[in-house]
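Got your viewer open? Load the model below and we'll walk through it one selection at a time.

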Amino acid sequence: MKKYDVVALGELLIDFTENGLSEKGNPILEANPGGAPCNVLAMLTKLGKKTAFIGKVGSDSFGKMLSETIKTCGISAKGLVFDDKVHTTLAFVHKKPDGDRDFSFYREPGADMMLSEEEVDADIISSSKIFHFGTLSMTHKSNSEATYYAVNTAKENGVNISFDPNLREPLWKSLDDAKNAMKYGFSVCDILKISDNEIEFFTGEKDIDKGVEKIRSEYDIPLILATLGKKGSKAYCKDIIVSASAYENLNVIDTTGAGDTFMGCALDYICDNGIILNKERLCELLDRANAAAAIITGRRGALKAMPEKAEINRLRNSKLEIY
């Protein structure tokens, strides 16, 4: 028996998101706990799964806030370590007119990138069914070595590996380095979640099926989940390809964390049903994940705002827009 369903390694940070204007007309920024790996775990925990996080924050007020937040969410903080010299990473999220986001990071350095191989608790990883990570834990030498060690530990202990590139171009000194990190993730993962813009970035293909086929021709990934924004999502498993339409939210506030919510919901389904799924189950996985992602876009932040299972089921049963 495994102690944890999913363990994730990576960034835990503060997302400052816009929340109106002050009396003087200045933007008010809300400090939302965030970081893709922990967002995924927060969704999983809401759905009843046992999770643990491995990462690093600063020994500052934000780091302490983040530690308490993930504990309150039910995520084990046993693998979280504190840095006495480097502050917690901060991200400023600005909403564009088209609803997309623009990120500005205060991370040179940030505590998350200072995680070392020696600080990774191998026992947590070996005690898990699934190990999840992304590329942001490979932007610098120290956290790259920690990531490689964690992945190798997972492989050695028969732990399935989940990967989400979560590409943030401003955090890379070179986009070639970003592509190499994606190549590494593709080469080791059993489950890949990738967005349409990441597919185009890596393959040069705007056509999703052609882009995924390029990835599959080079990397033996059992299950690929492609998120397409308002166009929904697609799943690729062996010779099966299925798609599911998105649920439209008429009151979108913040799309930050929508992909992480999707991934958490998908991993919950995989924990219960396995990686190799038939057409019917792939459709069910996508529909559940799409519904959860739609709900989170109507809320600020992600880590503390994940939907309940009952909310997801109500939306799926209604098949109506969210008002």
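How many disulfides does a search of the whole structure find? Zero. Keep in mind as you click around that this is a predicted model.

To see why, start with the cysteines. Select Cys237: its sulfur is 12 Å from the closest cysteine sulfur, in Cys283, which is too far for a bond, since a disulfide needs the two sulfurs within 2.5 Å. Cys237 also counts as buried, at 1% relative accessibility. Now jump to Cys271. The closest cysteine sulfur to its own is in Cys265, 11 Å away, again too far for a bond. Cys271 is buried as well, with a relative accessible area of 17%.

Next, pick helix H8 (residues 258-273) together with helix H9 (residues 279-296). Their axes come within 8 Å and cross at roughly 145°, and the crossing is right-handed. Show side chains for the contact: on H8 you'll find, among others, Phe262, Cys265, Tyr269 and Ile270, while H9 brings residues including Leu285, Leu286, Ala289 and Ile296. The contact residues split into twelve nonpolar, three polar and four charged.

Last stop: helix H7, residues 208-218. Which of its residues are buried? Color Ile208, Gly211, Val212 and Ile215. Look down the axis of H7 and these buried residues fall within an arc of 95°, so they line one face of the helix. Flip to the other side of H7 for Lys210 and Ser217, which are exposed. To see what covers the buried residues of H7, add helices H5 (175-188) and H6 (196-203), plus strands S10 (191-195), S11 (223-227) and S12 (233-237), which are among the covering elements.

How values were computed:
Residues are numbered from 1 along each chain as its sequence is written. This is a predicted model: local features need pLDDT of at least 70, side-chain atom pairs count only at pLDDT 80 or more; totals for chains, interfaces and linings use all residues. Side-chain values use heavy atoms; hydrogens and water are left out. Axes are lines fitted to C-alpha atoms, for helices over the stretch in contact, and angles run from 0 to 180 degrees between N-to-C directions. Helices (H or I, at least four residues) and strands (E, at least two) are DSSP runs, numbered from the N terminus. A crossing is left-handed if the near helix is turned anticlockwise from the far one by less than a right angle, and right-handed if clockwise. Contact means heavy atoms within 4.5 Å. Ala, Val, Leu, Ile, Met, Phe, Trp, Tyr, Cys and Pro count as nonpolar, Asp, Glu, Lys and Arg as charged, and the others, Gly among them, as polar. Buried means under 20% relative accessible area, exposed over 50%, partly exposed in between (1.4 Å probe, protein chains only). The arc is that of the directions from the helix axis to the C-beta atoms.
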